[in-house]
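Hi everyone, thanks for making time this morning. I'd like to walk you through one model, starting from a single side chain and working outwards. Please have the viewer open.

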Amino acid sequence: MTTYTALTTLDGEVAAKALADALETLQPEPTGVGCFEVEDGSGRWEIGGYFTEQPDIAGLALLATMHNAADFAVSRVEDRDWVAQVRRELHPVHAGRFTVYGAHDSHRVGPHRIGLKIEAAMAFGTGHHGTTRGCLELTERMIRTGAAPRRVADIGCGTGVLAMAAAQTWRVPCVATDIDPVAAATARANAVANDLEPWLRVGCAPGFRHQHHKATSPYDLVYANILAGPLKRLAPDIARHLLPGGSAILAGLLTRQCRGVEAVFEGHGFCRADKITLGDWTSLRLVRG
């Protein structure tokens, strides 16, 4: 089935959400509407509509004018099996002793590697992005120092790859949660595929609000591979759920955003222990004092 997207940007959350609400009333109706802050420090927001038939171009232009937004960019999306394409094109990723791979590449995992099997799905975290690889590299460095966390949390877990890396390495209780039910379901399936159910529990909830956290926290290690804005908002909760001397591995940060995130966490008693930069992205390991 052919689908269409209509995307625009404008300044400010209130204005963006008002335009998103108005977009839902357009005829023909969009099958979905998204509204997201652009994480580049500009204060811009992106509003998108998804349609199963060609949208009303004149109506979109009118909405953009009324809400002082940029003109909508309308695109036709080719009908394609994206998951099958990802399976064909993604290759195993090596980060430290970890290899992230799809089932079709199981023969390419070396005998002395820690394999993390991740199937292509609608969730972030296949290991190919610099943020995920950075977190795995920081985990590798922790292992080399003899670190042995007893409880681990992965907030905004996506496919669950970071929680799985911890569970495979230390065989300790790990909790992986995500606000997106698709991501949570994907992480749960990956935990089963990697035989990690005894150590890894998965839930769908924002931040530390799932019941699994009540039973497992405080933690020695918390992963949060999200974005700069949400990380800043999560700083107080991460501090509350992390033991003194525990590590927070943070990612989803453009290098220019790191200092701002560090400053917020310093205000909650953290100091930087390590960092790694891959391309435009930097991952941090902060330790709670």
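Let's start with the side chain of Asn-194: one of its polar atoms sits 2.8 Å from the backbone oxygen of Asn-190. Please keep in mind throughout that this is a predicted model. The Asn-194 side chain has a second backbone partner to look at, the nitrogen of Lys-117, at 2.9 Å.

Where is Asn-194 in the fold? It belongs to the loop that links helix H6 (181-193) to strand E10 (200-204). And is Asn-194 buried or exposed? Its relative accessible area is 10%, and the cut-off for buried is under 20%, so Asn-194 counts as buried. As for its neighbours, if we leave aside residues up to four places away in sequence, Asn-194 touches Gly-115, Leu-116, Lys-117, Met-164 and Gln-168.

Now, on to a pair of helices. Helix H4 covers residues 130-144 and helix H5 covers residues 161-170. Their axes come within 10 Å of each other and cross at roughly 20 degrees. Angles under 35 degrees count as roughly parallel, so that is the label for H4 and H5. The crossing is right-handed. Which residues make the contact? On the H4 side they are Thr-132, Cys-135, Leu-136, Thr-139 and Ile-143, and on the H5 side Val-161, Leu-162, Ala-165, Thr-169 and Trp-170.

Let me pick out Leu-162, which is in helix H5. With a relative accessible area of 3%, Leu-162 is buried too, because the cut-off is under 20%. Which residues does Leu-162 touch, not counting those up to four places away in sequence? From H4 there are Thr-132, Cys-135 and Leu-136, and the list also holds Asp-154, Tyr-223 and Asn-225. If you like checking distances, try Leu-162 to Cys-174: they are 12 residues apart in sequence, and their C-alpha atoms are 9.9 Å apart in space.

Finally, let's zoom out to the whole chain. Its secondary structure consists of nine helices and 14 strands. The chain has 289 residues, and 47% of them count as buried. For contacts between residues at least 6 apart in sequence, 66% join residues at least 24 apart. The accessible surface comes to about 13800 Å², with 52% of that belonging to carbon and sulfur atoms.

That's my tour, and I'm happy to take questions.

How values were computed: Residues are numbered from 1 along each chain as its sequence is written. This is a predicted model: local features need pLDDT of at least 70, side-chain atom pairs count only at pLDDT 80 or more; totals for chains, interfaces and linings use all residues. Side-chain values use heavy atoms; hydrogens and water are left out. Helices (H or I, at least four residues) and strands (E, at least two) are DSSP runs, numbered from the N terminus. Buried means under 20% relative accessible area, exposed over 50%, partly exposed in between (1.4 Å probe, protein chains only). Contact means heavy atoms within 4.5 Å. Accessible areas come from the Shrake-Rupley method with a 1.4 Å probe; for residues, only the protein chains shown count as cover. A polar contact is a pair of N or O atoms within 3.5 Å; within protein, one must be able to donate a hydrogen and the other to accept it, and residues adjacent in sequence count only if both atoms are side-chain atoms. Axes are lines fitted to C-alpha atoms, for helices over the stretch in contact, and angles run from 0 to 180 degrees between N-to-C directions. Angles under 35 degrees count as roughly parallel, over 145 as roughly antiparallel, 65 to 115 as roughly perpendicular and the rest as oblique. A crossing is left-handed if the near helix is turned anticlockwise from the far one by less than a right angle, and right-handed if clockwise.
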